[in-house]
Amino acid sequence: MDSISMLRSFVLGSSRIMGDTSFDNHFAVMYPSLDQIKKEYKVSEEAAKWLSNEVSPIILLEPKTKDLSIDIKSIAPGLNRVGCMIPYAPLFQ
């Protein structure tokens, strides 16, 4: 299975486990590093693997607390998970 197929399987599987079948109601944020994401979100071993992957996917994560460095409640109220990604090119770092 190639990286894209594995990612698609991981994302769809995670969403179905959480009872979410649509991708219409999510918000994504680019963080400077995996360490920063781990400070604010619950990151599984598999999610960390994908976030560090050269494919640079957006992974839906549940915040550890309601107080994030970004005011998600004002931007996209009602979300229980946020799409997180790490820069994939030096230009964004």
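**Contacts, burial and sheet order in a predicted model**

User: How many salt bridges does a search of the whole structure find?

Analyst: The search finds one salt bridge. The model is a predicted one, in which local features need pLDDT of at least 70 and side-chain atom pairs count only at pLDDT 80 or more, while totals for chains, interfaces and linings use all residues. Residues are numbered from 1 along each chain as its sequence is written, and side-chain values use heavy atoms, with hydrogens and water left out.

User: Why is the contact between Lys42 and Glu62 called a salt bridge?

Analyst: The term requires a side-chain nitrogen of Lys or Arg within 4 Å of a carboxyl oxygen of Asp or Glu. The side chains of Lys42 and Glu62 meet at 3.2 Å, N to O, so the pair satisfies the definition. Lys42 belongs to strand β2 and Glu62 to strand β3, so the salt bridge ties together parts that are 20 residues apart in sequence. Strands here are DSSP runs of E with at least two residues, and helices are runs of H or I with at least four, both numbered from the N terminus.

User: Are Lys42 and Glu62 buried or exposed?

Analyst: Buried means under 20% relative accessible area, exposed means over 50%, and partly exposed lies in between (1.4 Å probe, protein chains only). Lys42 has 45% relative accessibility and therefore counts as partly exposed. Glu62, at 33%, is therefore partly exposed.

User: What makes Tyr31 and Tyr41 an aromatic pair, and which kind of pair is it?

Analyst: A search of the whole structure finds one aromatic pair. Tyr31 and Tyr41 form this pair, at 5.7 Å centre to centre with 80° between the planes. Rings of Phe, Tyr and Trp (its six-membered ring) pair if their centres lie within 6.5 Å; planes under 30 degrees apart count as stacked, over 60 as edge-to-face and the rest as tilted. The pair is therefore edge-to-face. Tyr31 is in the loop between β1 and α2 (34–40), and Tyr41 is in strand β2, ten residues apart. Tyr31, at 4% relative accessibility, counts as buried, and Tyr41, at 1%, is buried too.

User: How do you know that β1 and β4 pair, and why are β1 and β2 said to stand at the edges?

Analyst: Two strands pair if DSSP finds at least two bridges between them. Three bridges join β1 to β4 (residues 82–85), and these strands run parallel, so the criterion is met. Val29 stands opposite Cys84 in β4. The four strands form an open sheet in the order β1-β4-β3-β2, with mixed pairing. β1 (28–30) and β2 (41–42) each have a single partner strand, so one side of each is left without a neighbour in the sheet.

User: What is noted about phi of Ser56, and why is Ser56 called buried?

Analyst: Phi of Ser56 is near 55°, a positive value in a residue other than glycine. Ser56 lies in the loop between α3 (45–51) and β3 (59–63). Its relative accessible area is 15%, so Ser56 is buried. Of the 93 residues of the protein, 33% count as buried.

User: Where is confidence lowest and where is it highest?

Analyst: On pLDDT, the predictor's confidence in each residue from 0 to 100, helix α1 (residues 3–17) is lowest, at a mean of 52, and β2 is highest, at 94. The protein averages a pLDDT of 76, and 68% of the residues score at least 70.
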